[in-house]
Amino acid sequence: RSYVAAGFKKIHLDCSMSCEDDPVPLTDAIVAGRAARLAKIAETTCLEQFGVADLVYVIGTEVPVPGGAHETLTELEVTTPEAARATLEAHRHAFEKEGLSDIWPRIIGLVVQPGVEFDHAQVCDYQPHKAVALSEMVEAYDTLVFEAHSTDYQTPQALRQLVKDHFAILKVGPALTFALREALFSLAAIEEELLPAKACSGLRHVLENVMLDRPEYWQSHYHGDGNARRLARGYSYSDRVRYYWPDSQIDDAFERLVRNLADEPIPLPLISQ
């Protein structure tokens, strides 16, 4: 209700997580039935708030772990066409039972696994030949495309091919803040070359100390010896660093970094380095 009332128009109905007394995993019928109930609430809320029901929906349960896999990846199984069809039909039947058949054309996306994912140190690249059958299957549905999650760190060529293969909604997360972290670490390295240590912001040192003082956002994700965890805190593709940027100590260090660099001309060869 709150999301719809706030004006969000693309709603992902994912009821695949088991509750305390549920079987694991849930059946397609249970998942679809709960999704239909949520859709009914969303439709009612949209009509009440805006006078028209114009929401679009994404369904499907092939949702990877948010922020990347915790374990080391080797190879991923691509969703089979049969599994995708079963998910669609289960949802269609559940929507009919809730009297929602008329909104089916507004089901615009089905979440599937095209074979892309990342863990702390590696990326599973998209391999189009493994997803041919799945890609062809969706062509039978006029108003539907696939949604692929964890497409972080795929190459531009792979992203283009994913879209060509009907995985037209691509979700990314840590890749955005990973790029921010790369930029800030690079700026901190430039600062250390230009200024004496006592004048520097110490951004990386401050960040590391805050992460050690408040380990709740990374300690269940990063494993290994002390050095492995240290490297992961700074450089993991999962980018658990992103939860720490709003910290006041880190923000103060960032502000000092920006001031320091604004006051010093930066030689082009140093930027190149």
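Begin by selecting Y217, which is partly exposed because its relative accessible area is 29%, a value that falls between the 20% limit for buried and the 50% limit for exposed. Keep in mind throughout this tour that the model on the screen is a predicted one.

Next, add Y243 to the selection; this residue is also partly exposed, with a relative accessible area of 34%. Any pair of aromatic rings can be described by the distance of the centres and the angle of the planes. For Y217 and Y243, the centres are 5.2 Å apart and the planes lie at 15° to each other, and the pair is stacked. Y217 sits in the loop between α7 (203-213) and α8 (226-235), while Y243 sits in the loop between α8 and α9 (248-263), so the pair ties together parts of the chain that are 26 residues apart in sequence.

The structure holds 12 aromatic pairs, and a good one to select now is that of Y126 and F167. Are these two rings stacked or edge-to-face? Their centres are 6.1 Å apart and their planes meet at 75°, so the pair counts as edge-to-face, for which the angle has to be over 60 degrees. Y126 belongs to the loop between β5 (123-124) and α4, and F167 to the loop between α5 and β7 (169-170), so that distant parts of the chain, 41 residues apart, are linked by this pair. Y126 is buried, with a relative accessible area of 8%, and F167 is buried as well, at 0% relative accessibility.

Stay with F167 and display its surroundings: leaving aside residues up to four places away in sequence, F167 touches V112, P114, Y126, A131, L134, F146, A148 and L162. F167 is also, together with Y57 and F95, among the residues with the most contacts inside the largest nonpolar core, which has 40 residues. Elements that each supply at least two residues of this core include β1 (10-13), α2 (28-50), β2 (56-59), α3 (81-97) and β3 (107-112), and the largest share, 7 residues, comes from α2. Apart from this core lies another one, of 18 residues, and you can find it by selecting I190, Y222, Y244 and L261, which are among its members.

Now colour the strands. Strands of a sheet pair through backbone hydrogen bonds, either parallel or antiparallel. Here, an open sheet of 5 strands runs in the order β1-β2-β3-β6-β7, with parallel pairing, and its edge strands, β1 and β7, each pair on one side only. Zoom in on β6 and β7, which pair in the parallel sense over 2 bridges; select E147 and you will find its bridge partner, I169, in β7.

From the sheet, move to G60, in the loop between β2 and α3. Is G60 buried or exposed? G60 counts as buried, because its relative accessibility is 1%. Around G60, again without residues up to four places away in sequence, are its contacts H12, L13, D14, T87, H91, L110 and V111. If you draw a distance from the C-alpha atom of G60 to that of L159, 99 residues apart along the chain, you will find a separation of 21 Å.

The last stops bring you back to rings. Select F118, Y153, F178 and Y237, which ring pairs link into a cluster, and then add R181, which lies over the face of F178 at 4.7 Å from the ring centre. Finish at K9, which lies over the face of F50, at 4.3 Å from the ring centre.

Conventions: Residues numbered from 1 in each chain as written. Predicted model: local features only at pLDDT ≥ 70, side-chain atom pairs only at ≥ 80, totals over all residues. Heavy atoms only, no water. Core = buried A, V, L, I, M, F, W, Y, C linked by side-chain atoms within 4.5 Å. Buried < 20%, exposed > 50% of the residue type's maximum accessible area, 1.4 Å probe, protein only. Helix = DSSP H or I, 4+ residues; strand = E, 2+ residues; numbered from the N terminus. Contact = heavy atoms within 4.5 Å. Phe/Tyr/Trp six-rings, centres within 6.5 Å; stacked < 30°, edge-to-face > 60°. Lys NZ or Arg CZ within 6 Å of the ring centre and 35° of its normal. Pairing = 2+ DSSP bridges.
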